[in-house]
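Please take a moment to look over the sequence and the 3D structure, and then read on for a guided walk through them.

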Amino acid sequence: MDALLAVSEVRLSFGGLQALDGPSLQVRDGEVVGLIGPNGAGKTSLFNCIGGLYRPQSGSIRIAGREVAGLPRHRIAALGVGRTFQNIGLLASQTVLANVLAGAHHVAAGGWWATALGLPSVARSERDHRERAMALLAELDLADVAGRMVGTLPFGTLKRVELARALMGEPRLLLVDEPANGLVHGEVLELGATLRRLATERGAAILLVEHHMGLVTSVCDRVVVLDFGRVIAEGEPHEVARDPRVVAAYLGTAA
Amino acid sequence: MTATSTRRRTGSPRPSRGSAVEWLRRPRPPLAPPRWLTIAGIAVGAAALAVVPLVNPSYINLTVTLVMIWTLVGLGLNLLVGFGGQVSLGHSAFFAIGAYAVAVGGEAGIPHPATLAIAAALPFLVGYVLGLPALRLHGLQLGLVTLAMAMATPAAIRALEPLTHGSRGIAIDGDPPAWIPLAHDQWVYYLALAAATIGYVVTRRLARGRLGRSFVAVRDAEIVAETLGVDVWRTKTRLFAASAAYAGVAGGLYAMLLEFVGPENFNLTLSISFVTLIVVGGLATVPGAVLGALFVQYVPTLTSSISPAATGAAYGAVLIAFAFFLPYGLVGLVRAALGRLVARLPGRRGT
């Protein structure tokens, strides 16, 4: 009822292609929900609708009671939504620290006039967020790359930098798009533990798009399976993995 | 192939894997000098700048004032182009509006500091209004629209004859108020010094911290910027208007310095020199505006002794050379040259 995220019968098509065919799902505070499904099932489309990048043709997406569809994209962060991108959305020309600090944009102080006049509140906010950023980097084991240019770091590290940036905005809902993509096995386990800890310690709800079934089953409280833009199964990870419809969607059905 | 031969020729200045060109092209963090050096540098610089007009002949004051005027333009334009990533080839238009604000205001009997405030406010408003449609465009198209602005400026000045006196131009009294015991060149020098100092400090504050990061996000990845909560549209229009205000004040000071404005002062070449300034100084750096201003003031003086046409050729050659070898401008070169030295100084912050 009082779900943090309530997606209801969202429809989105690109030309003749129906990317989302009315899926509904809910995420409650502090819950970790996995969004899985074969390639082209509409996972990232749904993600981009929630993040405001796509505007669905019909249906509703409510975050903490606010309708997201029709809201300007830059207003969505203020609802408490943080996200990472499938192919890394970091600023390659900047250092890791600067990227992570950019995540604090909507929680930090400092408008144009206040900044131009050099008000102490701006300096204080900058100092506080710098400290928070360093603490987060330390927590995610990134402290020693804080001063490095993002363009020079490996993919797995950048995934964590992006996670740190999303956390800087103190999200209530964290949208994580394929975090295990490009990670080696050990890193995946570590990432799973980190996500789980974030959910319990910070009380952040996490919606996770992921292909790596090991990560999904170890981290998620609940799993929603999409296929052809529709929800075909939903429930506890182990149950869902045995669901014949899910197996058929992944492996194909015998004709 | 080329890379290896270059490395062999230059004998690799340090054990780097790349060639000399790669070494030059590498992005580098700003120098972080120790606090004592910063303070000493500012103190010496401020003392020198304060004394310059008192001990020099007026033609030297004139050129140093021009450097400060170009610096002001460069600071604003670099916020827009270097940090914000929005190309403008049309800032000579805002420079002209500022100059004419001072000229027309002077004719109406408004005192100098007040006309300078108008020279900031009017371009700000015009820039904001022009930016609303223009900034919907990206890259090349925005470049073309702003180029059209620069090309139309002299004609627009002539067309507004009742206000601007067309091709005859307007003579301006640039002398200080009677109670200030300064000559004309000294008075404008100090006004320009004050404006450039304020401009520098404000630019530095805007370019760092929360806003500076949002500019860079808008430049590098608009969608990511929006996801982080940056209002991309508002950021662009404000950057455009703010940079227009910088150019306007600079134009106003220029009018006071020359004591005359006419349409031919504000042609396309002026806009090109502004762009050259920020590219040579270093895009997305604050001190770059000073180095670039020195370049556009003194290099044409050198080249014109060869031929009047040499200035254009020199700008062209320099722009090409910087695009290939020094994408971070003279500031990048300074960082490359002094980075290691500064890092070894005692009393550095954060160590």
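The paragraphs below go from whole chains to cores and then to single residues.

Before anything else, keep in mind that this is a predicted model, and that the values given below are computed from it. Chain A, with which we begin, is built from 9 helices and 11 strands. Its radius of gyration is 19 Å, close to the 18 Å that the globule rule gives for 255 residues, so chain A is as compact as a globular protein of that length. If you draw a box around the C-alpha atoms of chain A along the principal axes, that box is roughly 70 × 40 × 35 Å. Of the 255 residues in chain A, 55% are buried, and the chain exposes about 11,100 Å², of which carbon and sulfur atoms supply 54%.

Two further values help to describe chain A. When we take the contacts between residues at least 6 apart in sequence, 68% of them join residues at least 24 apart. As for charge, chain A carries 25 positive and 26 negative side chains, and the centres of these two sets lie 6 Å apart.

Chain B can be read in the same order. Here there are 16 helices and 2 strands, and the C-alpha trace spans about 65 × 50 × 45 Å along its principal axes. A compact globule of 351 residues would have a radius of gyration near 20 Å, and the 21 Å of chain B agrees with this. Buried residues account for 48% of the 351 residues in chain B, while the exposed area of the chain is about 16,200 Å², with 70% of it supplied by carbon and sulfur atoms. Among the contacts in chain B between residues at least 6 apart in sequence, 78% join residues at least 24 apart. Chain B has 26 positive and 12 negative side chains, and the centres of the two sets are 22 Å apart.

We can now turn to the interior. Which residues have the most contacts inside the largest nonpolar core? That core has 92 residues, and the ones with the most contacts inside it are I69(B), W70(B), F95(B), L206(B), L253(B), V261(B) and F266(B). To follow one of these, consider F95(B), which, if we leave aside its neighbours within four places in sequence, is in contact with ten residues that you can look up one by one: I69(B), W70(B), V73(B), A247(B), A250(B), G251(B), Y254(B), F266(B), L270(B) and F274(B). There is also a second, separate core of 47 residues, which includes V96(A), L97(A), L163(A) and M168(A).

Chain A also offers some buried places to examine in detail. In helix 1 of chain A, which covers residues 43-50, 7 of the 8 residues are buried, so this helix is largely enclosed by the rest of the structure. The buried residues are K43(A), S45(A), L46(A), F47(A), N48(A), C49(A) and I50(A). After helix 1 of chain A comes G52(A), whose phi is positive, near 85°. Is N99(A), in helix 2 (residues 96-102) of chain A, buried or exposed? Its relative accessibility is 0%, and because buried means under 20%, N99(A) counts as buried. Not counting residues up to four places away in sequence, N99(A) touches L90(A), L91(A), Q94(A), V150(A) and R165(A).

A contrasting case is F324(B), which lies in helix 15 (residues 310-325) of chain B. With a relative accessible area of 53%, F324(B) is exposed. Apart from neighbours within four places in sequence, F324(B) is in contact with V21(B) and R25(B). The C-alpha atom of F324(B) is separated by 29 Å from that of V224(B), a residue 100 places away along the chain.

The last stop is the backbone. Most residues other than glycine have a negative phi. Against that background, E170(A), although not a glycine, has a positive phi of about 50°. E170(A) sits in the loop between helix 5 (155-168) and strand 8 (173-177) of chain A, and at 48% relative accessibility it counts as partly exposed. In chain B, E259(B) likewise has a positive phi, near 60°, and is a residue other than glycine. E259(B) is placed in the loop between helix 12 (232-258) and strand 2 (260-261) of chain B, and its relative accessibility of 26% makes E259(B) partly exposed.

Note on methods. Residues numbered from 1 in each chain as written. Chains lettered and ligands numbered in written order. Predicted model: local features only at pLDDT ≥ 70, side-chain atom pairs only at ≥ 80, totals over all residues. Heavy atoms only, no water. Helix = DSSP H or I, 4+ residues; strand = E, 2+ residues; numbered from the N terminus. Rg over C-alpha atoms; globule rule 2.2 N^0.38 Å. Buried < 20%, exposed > 50% of the residue type's maximum accessible area, 1.4 Å probe, protein only. Contact = heavy atoms within 4.5 Å. Areas by Shrake-Rupley, 256 points an atom, 1.4 Å probe, with all protein chains shown as cover. Lys, Arg positive; Asp, Glu negative; His and termini not counted. Charge placed at Lys NZ, Arg CZ, Asp CG, Glu CD. Core = buried A, V, L, I, M, F, W, Y, C linked by side-chain atoms within 4.5 Å.
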